[in-house]
Amino acid sequence: MASSESYLQFILGQLGGLEGITSRKMMGEYLLYFRGKGFGGIYDDRLLVKRTPFSAHLSSDGRETLPYPGAKPMFFVKEVDDCAFLKRLVAGMYEELPELKNR
């Protein structure tokens, strides 16, 4: 199931105070970036973030899920209505995320 443009816009709106949030559509889903580093994505209208020490610490139940078969597990973010939580999560993960590889 592909994710909807309206859910992407909702998540981008929730993260609106963070400068440098971008997205890229990929096979019906959306990859999310903060200042050029990939932190997660929207898969089946669910916000999933990469596993980092910071995201593990903030994860409410530590529940991981696969965005698609064969992918690395990611944390499912249930607190999408809490703008302050989302911004703190993404900003806190930034230093722990790997740099993008040049292709």
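Colleague: In the hairpin of β3 and β4, which residue takes a positive phi near 50 degrees?

Modeller: This is a predicted model, in which local features need pLDDT of at least 70 and side-chain atom pairs count only at pLDDT 80 or more, while totals for chains, interfaces and linings use all residues. Residues are numbered from 1 along each chain as its sequence is written, and side-chain values use heavy atoms, with hydrogens and water left out. Strands (E, at least two residues) and helices (H or I, at least four) are DSSP runs numbered from the N terminus, and two strands pair if DSSP finds at least two bridges between them. β3 and β4 pair in the antiparallel sense over four bridges, and in their hairpin, which has two residues between the strands, the residue with a positive phi near 50 degrees is D44.

Colleague: What is the bridge partner of L31 in β3?

Modeller: β2 and β3 pair in the antiparallel sense over five bridges, and their hairpin has two residues between the strands, with R35 taking a positive phi near 50 degrees. Within β3, the bridge partner of L31 is G41.

Colleague: How many of the residues of β3 are buried?

Modeller: Buried means under 20% relative accessible area, exposed over 50%, and partly exposed in between, with a 1.4 Å probe and protein chains only. By that rule β3 is mostly covered, and K37, at 5% relative accessibility, counts as buried. The number of buried residues in β3 is seven of seven.

Colleague: Which element supplies the largest share of the largest nonpolar core?

Modeller: A nonpolar core is a set of buried Ala, Val, Leu, Ile, Met, Phe, Trp, Tyr and Cys residues joined through side-chain atoms within 4.5 Å. The largest one has 24 residues, of which I11, L15, F39, L47 and V77 touch the most other members. At least two residues each come from α1 (5–14), β2 (29–34), β3 (37–43), β4 (46–49) and α3 (83–93), and the largest share, five residues, comes from α3.

Colleague: Which residues does V77 touch, not counting residues up to four places away in sequence?

Modeller: Contact here means heavy atoms within 4.5 Å. With residues up to four places away in sequence not counted, V77 touches L47, V49, F85, L86 and L89.

Colleague: Within what arc do the buried residues of α1 fall?

Modeller: In α1, the buried residues are Y7, L8, I11 and Q14, and they pack against β1 (21–26), β2, β3, β4 and α3. The face turned away from this buried side carries the exposed residues S6 and G13. Taking the directions from the helix axis to the C-beta atoms, the buried residues line one face of the helix, because seen down the axis they fall within an arc of 125 degrees.

Colleague: How many residues apart in sequence are the parts that K37 and E99 tie together?

Modeller: A salt bridge is a side-chain nitrogen of Lys or Arg within 4 Å of a carboxyl oxygen of Asp or Glu, and the side chains of K37 and E99 meet in one at 3.5 Å, N to O. E99 counts as exposed, at 60% relative accessibility. K37 lies in strand β3 and E99 in the segment after α3, so the pair ties together parts whose separation in sequence is 62 residues.

Colleague: How far apart are the closest N and O atoms of R51 and E64?

Modeller: By the salt-bridge rule the count comes to three, one of them between R46 and D44, with the closest N and O atoms 3.9 Å apart. E64 is partly exposed, with a relative accessible area of 35%. In its salt bridge with R51, the distance between the closest N and O atoms is 3.2 Å.
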